[in-house]
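The exercises below are to be worked with the sequence and the structure open. Try each task before reading its solution.

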Amino acid sequence: MSSEAVTNDSRPKAWGKLIFFSFLIWVFGWIVGPYIENNISTYKQIAQVVEERDIDSAAYMYMDSVGSYDGEYYLSDSFKHSKRNDYGMTKAFFAGILSCFMILWFGWRFMMN
Amino acid sequence: MAEGNGIVVDQGKWEWSEMWKKEDWWAIWIGFFLLVAAMFVYFPHSGEMKEIINKAEAKYGEAANRTSAIKTIAWHKLSDAKKKAEARKVSTGKWLSSFAAKPHKWTDNPMDAFFMSKEKAAAKADKAKAKYAKKKAVEDAAFAVALASEKLAEAAGFKDETLNASASAAIDKWRDAKLAASSAKKKTKVKAYNQIGKLIGLGVFFCLLFGIPMSIMGVPFKKFALGFVFVYAVVVLAWFFSYQSTMKHYGIGYAAWAIFLGMLISNTVGTPKWAMPAVQTEYYIKTGLVLLGAKILFEKIITIGTAGIFVAWVVTPTVWLITYWFGQKIINMPSKRLNAVICSDMSVCGVSAAIAAASACRAKKEELTLAVGLSLVFTAIMMIVMPAVIKGTFPVDKQMILGGAWMGGTIDASGAVAAAGAFLGEKALYVAATIKMIQNVLIGVIAFFVALYFTTKVETEETGAKVGLTEIWFRFPKFVLGFMAASIIFSLIYSGFNSELDGLGRAMIDKGTIKGGSDLFRGWFFSLSFVSIGLATNFRELKHHFKGGKPLILYVFGQSLNLVLTLVMAYIMFYVVFPDLTATI
């Protein structure tokens with residue numbers, strides 16, 4: 001089998017390495033990982049929360065996480081319900097957005113040359 | 001094409017044929033094809049969604065709005081009933097979701113990832129039913145207390161602050177119990193499954209989706225298809241490992257596994273030559289990014305008000321710029337691209353920001369791998385340390401909001417933010433996840449900024465050529481335009497639905513076109529790209545980029561600055577400038 005190997009190892013050595021690293025995955029997933037989880041109390045509690053709430057703790061984007069949707073609903077409905085006039089498209093809110101673009105412009109002009 | 005330092009820079013004239021000869025454009029076409037298809041599936045169901053929302057309003061609206069002093073039981077019931085409006089729950093949506101599903105979660109038996117018999121499913125459901133019964137009893141008891149407390153507060157016209165506070169506390173307890181019961185209830189609905197046939201079908205679909213454009217771009221379909229079988233098999237393996245329960249607890253997701261497995265193969269037995277036509281990192285990543293654009297909805301930045309926008313949108317670019325400057329001027333990072341990618345993943349939102357920034361500045365695959373690796377390691381550490389620090393050192397009344405905002409603004413990955421937030425409590429989870437969501441929206445701004453900076457400044461330095469408007473257009477990564485276009489179009493549609501009926505945007509876009517359409521494929525596309533990165537990465541090259549530990553120093557400096565600035569800004573905004581608004585949460 002021709003392959004794009006980036007090392008000069010012989011075939012048996014290369015396969016040996018592959019098997020060895022696969023073994024390390026098994027050691028971590030089934031021995032070391034659970035051991036650490038069971039012996040660090042914060043980890044144990046977080047793992048319990050993750051299981052109970054069915055949280056995808058490996059999610060990379062907000063849409064992949066249950067909490068984001070619920071949080072968004074809860075917060076926006078809470079603010080609307082309180083009928084406050086300092087929530088929404090206020091001047092302060094736009095000042096925040098404008099500050100973001102001003103900071104980027106400042107960086108572009110003076111820090112990134 | 002000119003190549004300098006291994007970075008490919010386009011130079012030449014614009015030709016219309018680029019639109020079907022370049023992967024940037026194909027990423028846009030494929031991305032929009034999937035988005036439009038999803039709109040065709042879900043948009044005809046807007047009437048049904050309106051009906052659900054209107055029914056909820058009719059049933060609970062009046063009772064929910066009888067006071068704004070506290071969030072009553074009826075207010076929560078209205079919110080729950082409106083949440084049931086989800087376009088993706090129509091029959092086609094359910095089929096699509098099942099077709100594009102990843103391997104299932106498993107603990108000890110690897111077969112559980114792909115197959116579960118009826119008997120085993122029934123046994124699991126029975127076990128879950130016993131747990132659910134206990135949690136339901138707790139929920140019912142909490143509800144009775146909440147109802148009694150609310151009645152007392154109502155008898156005083158919701159004007160007695162002590163009674164209001166007591167009712168709110170009882171209602172919050174009922175909500176926590178209800179949440180636990182709901183999660184337990186979901187587990188009672190375990191059904192038998194066989195994922196193998198669907199995974200094969202999905203692979204064939206992806207092969208056609210990417211293979212046909214590849215043949216138009218000049219790669220024979222047969223060669224691509226043969227290679228794709230290998231790449232897709234590694235992708236399935238990466239998902240399989242990421243769904244093992246210990247790995248999930250540690251937050252080791254598909255990106256880490258995809259890069260690791262790809263590198264393991266390429267640096268030991270080698271990537272088969274026949275697989276190389278399907279090792280197309282940029283192609284898959286850009287298509288995924290166009291789909292990602294559709295979920296960057298601008299209206300969401302308002303969710304947590306002005307305090308949130310200052311925490312997420314003012315601190316983030318500040319940290320990005322100072323860290324970039326630190327990398328260039330103080331520690332002399334040899335690669336501006338690696339510097340930019342690390343700044344993005346550390347200050348914005350981890351892997352997804354790293355992908356967007358790396359594509360926007362045309363970073364090397366090793367640079368993206370390194371940045372993602374750093375982010376994943378620090379995410380796993382911060383997910384554990386931060387909630388422990390908050391619990392141990394923050395005043396109790398500030399743990400939820402201040403702690404949540406601090407974690408949301410600093411922990412890179414959304415899933416880890418949710419897990420760490422949930423550890424502290426419901427409100428911390430909501431605040432943390434929402435701050436992270438607002439930061440996610442910033443990906444588009446940062447990607448555009450990075451693309452513009454590298455096109456007009458860095459590449460000009462590298463090539464020595466003057467840059468006119470035509471040249472900027474020619475060099476500018478076109479998929480960024482697709483990403484921005486998707487974001488703007490879907491933001492407008494989302495706001496349009498919401499202005500028609502409050503909550504319709506969520507039902508049709510969030511929980512329809514995106515969750516039931518683009519999201520089903522985006523993760524697969526990113527995993528295809530990460531496997532491709534791994535399969536083409538030389539470990540020695542990676543070590544070369546890490547020389548002197550500069551990337552680590554850069555990350556640690558940036559993250560430390562991020563931790564300090566986010567905490568200070570969150571405190572000022574939530575407790576000094578907007579304390580009344582914070583009290584509403």
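**Exercise 1. A residue in a loop**

Task: Decide how far B:Phe158 is buried or exposed, and describe its backbone.

Solution. Step 1: B:Phe158 has 18 other C-beta atoms within 10 Å, so it is partly exposed; the model worked with here is a predicted one. The cut-off for buried is 20 or more such atoms, and for exposed 12 or fewer.
Step 2: This residue sits in the loop that links α6 (118–155) to α7 (161–187) of chain B.
Step 3: Its phi is positive, about 55°, although B:Phe158 is not a glycine. Most residues other than glycine have a negative phi.

**Exercise 2. A second loop residue**

Task: Where does B:Arg362 lie, and is B:Arg362 buried or exposed?

Solution. Step 1: Look between α16 (351–361) and α17 (365–393) of chain B; B:Arg362 is in that loop.
Step 2: B:Arg362 counts as buried because it has 20 C-beta neighbours inside 10 Å.
Step 3: The phi of B:Arg362 is near 55°, a positive value in a residue other than glycine.

**Exercise 3. The overall form of chain B**

Task: Compare the radius of gyration of chain B with that of a compact globule.

Solution. Step 1: Chain B has 585 residues, for which a compact globule would have a radius of gyration near 25 Å. The value for chain B is 25 Å, so the two agree.
Step 2: Along the principal axes, the C-alpha atoms of chain B fill a box of roughly 80 × 55 × 45 Å.
Step 3: The chain contains 27 helices and 5 strands, and 54% of its residues are buried.
Step 4: Take the contacts in chain B between residues at least 6 apart in sequence; 80% of them join residues at least 24 apart.

**Exercise 4. Helix α11 and a buried valine**

Task: Check the length of helix α11 (residues 254–266) of chain B, then describe the surroundings of B:Val235.

Solution. Step 1: At 1.5 Å a residue, the 13 residues of α11(B) should span 18 Å; the end C-alpha atoms are 18 Å apart, which agrees.
Step 2: 13 of the 13 residues of α11(B) are buried, so the helix is largely enclosed by the rest of the structure.
Step 3: B:Val235 belongs to helix α9 (residues 221–242) of chain B. It counts as buried because it has 31 C-beta neighbours inside 10 Å.
Step 4: Leaving out residues up to four places away in sequence, B:Val235 touches B:Ala258, B:Ser527, B:Leu528 and B:Val531.

**Exercise 5. Two packed helices**

Task: At what angle do helix α19 (residues 401–410) of chain B and α21(B) pack?

Solution. Step 1: Two packed helices are described by the angle between their axes and the distance between the axes. For α19(B) and α21(B) the angle is about 35° and the axes are 7 Å apart.
Step 2: The crossing of α19(B) past α21(B) is right-handed.
Step 3: By class, this contact has 8 nonpolar, 6 polar and 2 charged residues.

**Exercise 6. Where the chains meet**

Task: How many residues of chain B are in contact with chain A?

Solution. Step 1: The contact involves 80 residues of chain B and 72 residues of chain A.
Step 2: On the side of chain B, helix α21 (residues 426–463) gives the largest share, 10 residues.
Step 3: That side divides into 41 nonpolar, 27 polar and 12 charged residues.
Step 4: Chain A itself has 4 helices and 1 strand, in the order β-α-α-α-α from the N terminus. Of its 113 residues, 27% count as buried.

Key
Residues numbered from 1 in each chain as written. Chains lettered and ligands numbered in written order. Predicted model: local features only at pLDDT ≥ 70, side-chain atom pairs only at ≥ 80, totals over all residues. Rg over C-alpha atoms; globule rule 2.2 N^0.38 Å. Contact = placed C-beta atoms within 7 Å. Expected span 1.5 Å × (residues − 1). Nonpolar A, V, L, I, M, F, W, Y, C, P; charged D, E, K, R; others polar. Axes fitted to C-alpha atoms, helices over the stretch in contact; angles between N-to-C directions. Left-handed = near helix turned anticlockwise from the far one by under 90°.
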